[in-house]
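Q: Could you help me look through this one? I would like to go slowly and ask as I go.

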There are 2 protein chains.
Amino acid sequence: MLRGKVLVAQGGGPTAVINESMVGTVIEARKFAGVEQVYGAFHGVQGIVNEDFLDLTRETTHNLELVAKTPCSALGSTRDRPDLAYCQEIFKVLKVHEISTFFYIGGNDSSDTLRIVSEEARKAEYALRCIHIPKTIDNDLVINDHTPGFPSAARFVASAFAGVNLDNMALPGVYVGVVMGRHAGFLTAAAALGRKYDDDGPHLIYLPERPFDLDTFLADVNSAYQRFGRCVVAVSEGIHDAAGEPIAAKLAGDVEKDAHGNVQLSGTGLLADLLTDAIRRRTDIKRVRGDTFGYLQRSFLGCVSDVDQREAREVGEKAVQYAQWGRDDGSVTIHRTGFYSVEFKLSPLEAVAGKTKVMADEFIAGSGTDVTDAFLMYLRPLLGSGMPDVFRLRPNRVPKILKK
Amino acid sequence: MLRGKVLVAQGGGPTAVINESMVGTVIEARKFAGVEQVYGAFHGVQGIVNEDFLDLTRETTHNLELVAKTPCSALGSTRDRPDLAYCQEIFKVLKVHEISTFFYIGGNDSSDTLRIVSEEARKAEYALRCIHIPKTIDNDLVINDHTPGFPSAARFVASAFAGVNLDNMALPGVYVGVVMGRHAGFLTAAAALGRKYDDDGPHLIYLPERPFDLDTFLADVNSAYQRFGRCVVAVSEGIHDAAGEPIAAKLAGDVEKDAHGNVQLSGTGLLADLLTDAIRRRTDIKRVRGDTFGYLQRSFLGCVSDVDQREAREVGEKAVQYAQWGRDDGSVTIHRTGFYSVEFKLSPLEAVAGKTKVMADEFIAGSGTDVTDAFLMYLRPLLGSGMPDVFRLRPNRVPKILKK
């Protein structure tokens, strides 16, 4: 049963629909008579330890609805990854502010924070309900069929590759597009949904689920170029060699590491430049271009999946309902039923926290450089309605006069 | 008066609406009884010298309409920049195929090619009409108020910066986005249309119309970061120092040059990486990210200005009408009337060919790192209808308990 003050926070990287989840939580929570106030933590867990709270009970429903349709975390986020001491600080603040329920929207790091805070509350015999609301463009949360934020980012990647494929047809050469995703290749694999005609790119897709070898890559590119007269390649920023060393890190002397101890792969064009340089140096192909999609993948204004929007909204609402009528802490999880519908469950925090899902073997082609039909079937309904379509002129050739 | 066979070709970089111009030309030309066949050159002038023609008279109107809404050059393009000998080859093929009218969609290089071909025909006393149809995302054609392709690319850039501004608010730091444009800063300046609230980014805009100095840049970034707690920067790929040397080339040993003798600035993340490295090394700012927008700017599927679409369509139609009822060769030019409408004229090829327009001083703020209201007024109507809007939560702060 919801009572007193409840808190919502957003963690990790922003997505196109994370505000839908926040607004779903706030509006649903405000419906229940026991709820006195709904707080929002400003900049996630960092906002909690600093007692930076917004009173969302004073926000108009109208403005909340407008914020819901705005991409990126309206409450702000943080890259802090709390350890035990940090989580104890969080708990201390929640307790002094008499927070009864903590809704945390985020990925596997966020669910792990929630797990520790939940344990601290239990040890202190303080009645705190902790509900995790899933979010990540990486699509790497276990148990979930997919995670809110991923479908919209996938739509961006598919739309981008559909466009660069046309560009590459108009001005043939090799094009390498680098896509976000440290461990899981789902977002890079979404490039395959940009294809329509038989010879459309991406002709090659490199995922972190398969070891990357530069010589094989160059041979693949050359072979596709010979066959199609051009070649579009989708590459995950997280590709690594057989020993697990990231290709980007392998070729960069000093790479920035974030607070999680991870190598900084986003916000740099290094990998694309490195791969295109290698193609220029070691093949006879002249026109070679590389792009790194960067932050546009998760923030571009006006590229969103309506399926993603409604699911993100619902996981927020469901979190509140589980808090109201259930007794357990947990993580709201998304489960696919039929073709295409979903249902929601509350799974134990321990089952989701800190775990990473990668692409199943059945989604990756035997070649290791493409996806299977099963993946296309998996992803297509998530992209939502109104995906733009592309068309070609038909090849009604005029006979030559001067040449044969 | 149109008669016999007419030819349409697409040159230079693809845009979101270049197929509207091509289809406008084809459908309008097919209406006139004197026209026997409409040819399309496959891959621009290269297709002409190779006699690679498609018979667009055999294409269905229905498919043409679908192709019109598809981004990128459906006929293919080329980076060949014909010299006199090449233009003589073009003329030879046009003559042997009995082409009476040549419609060439492209930028200033394309109009220059057309000017030379037109002259060759006159010298040979062959009745050839040459009409140039404007196109370039750089918006750098003289006489024209603006050029088809630019508004849609500008919409992409504005939408991208509106998104990364939100991302940068959620996870504060410095963000540098590099935008296409070798000599003219129009597309980079479009980033300003991504702003809504007073403190929204881009906080700094660097255009090729003003010399770039790294020390001043670092001071500007630091100052904006101190003021806003974050900083979003838009940078043109064409920025150069006071001596005219491109900043990208200055720091790259061996940069690729294209067939035009230009330094290769697109298809590499070099400039963004260089600038973000400098910020990291020479300021105390920790979170610094850079993106290069690359080919998505001109090809991304689903980001188009409806104003751009209809104008691109009309310049194609007008080109045919000028050919049908006029007697002169020329370039279709766009002129602004009122707020907001346009009219079209046929200007002499010599007046447009090979010339480059850059941003007027009245469009650039005195600081040199922003645009003026006059520029915002100039660009806003071009972006078209349905630009997504963004909204924020209101700052209803909760009093702190533990801290003051």
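A: We can go through the contact between the chains and then a sheet in one of them, bearing in mind that this is a predicted model.

Q: Okay, so how many residues of chain B are in contact with chain A?
A: On the chain B side there are 68 residues, and they are in contact with 67 residues of chain A.

Q: And which element gives the most to that side of chain B?
A: That is α6(B), which gives nine residues; other elements that give two or more residues include β2 (35-41), α4 (84-96) and α10 (270-282) of chain B.

Q: What's the mix by class there?
A: The side of chain B that touches chain A has 34 nonpolar residues, along with 19 polar and 15 charged ones.

Q: Switching topic, in what order do the four strands of the open sheet in chain A come?
A: The order is β7-β8-β6-β9 in chain A, and the pairing is parallel. At the edges are β7 (204-206) and β9 (288-292) of chain A, each of which pairs on one side only, while the twist from one strand to the next averages 15°.

Q: How many bridges join β7(A) to β8?
A: Three bridges join β7(A) to β8 (residues 231-236) of chain A, and A:L204 stands opposite A:V233 in β8(A).

Q: Which strands does helix α6 of chain A touch when it packs on the sheet?
A: Helix α6 (residues 150-170) of chain A touches β6 (174-179) and β8 of chain A, and its direction makes about 170° with that of β6(A).

Q: And where does helix α8 of chain A lie?
A: Helix α8 (residues 214-228) of chain A lies across β6, β7 and β8 of chain A, and runs at about 150° to β8(A).

How values were computed:
Residues numbered from 1 in each chain as written. Chains lettered and ligands numbered in written order. Predicted model: local features only at pLDDT ≥ 70, side-chain atom pairs only at ≥ 80, totals over all residues. Contact = placed C-beta atoms within 7 Å. Nonpolar A, V, L, I, M, F, W, Y, C, P; charged D, E, K, R; others polar. Pairing = 2+ DSSP bridges. Axes fitted to C-alpha atoms, helices over the stretch in contact; angles between N-to-C directions.
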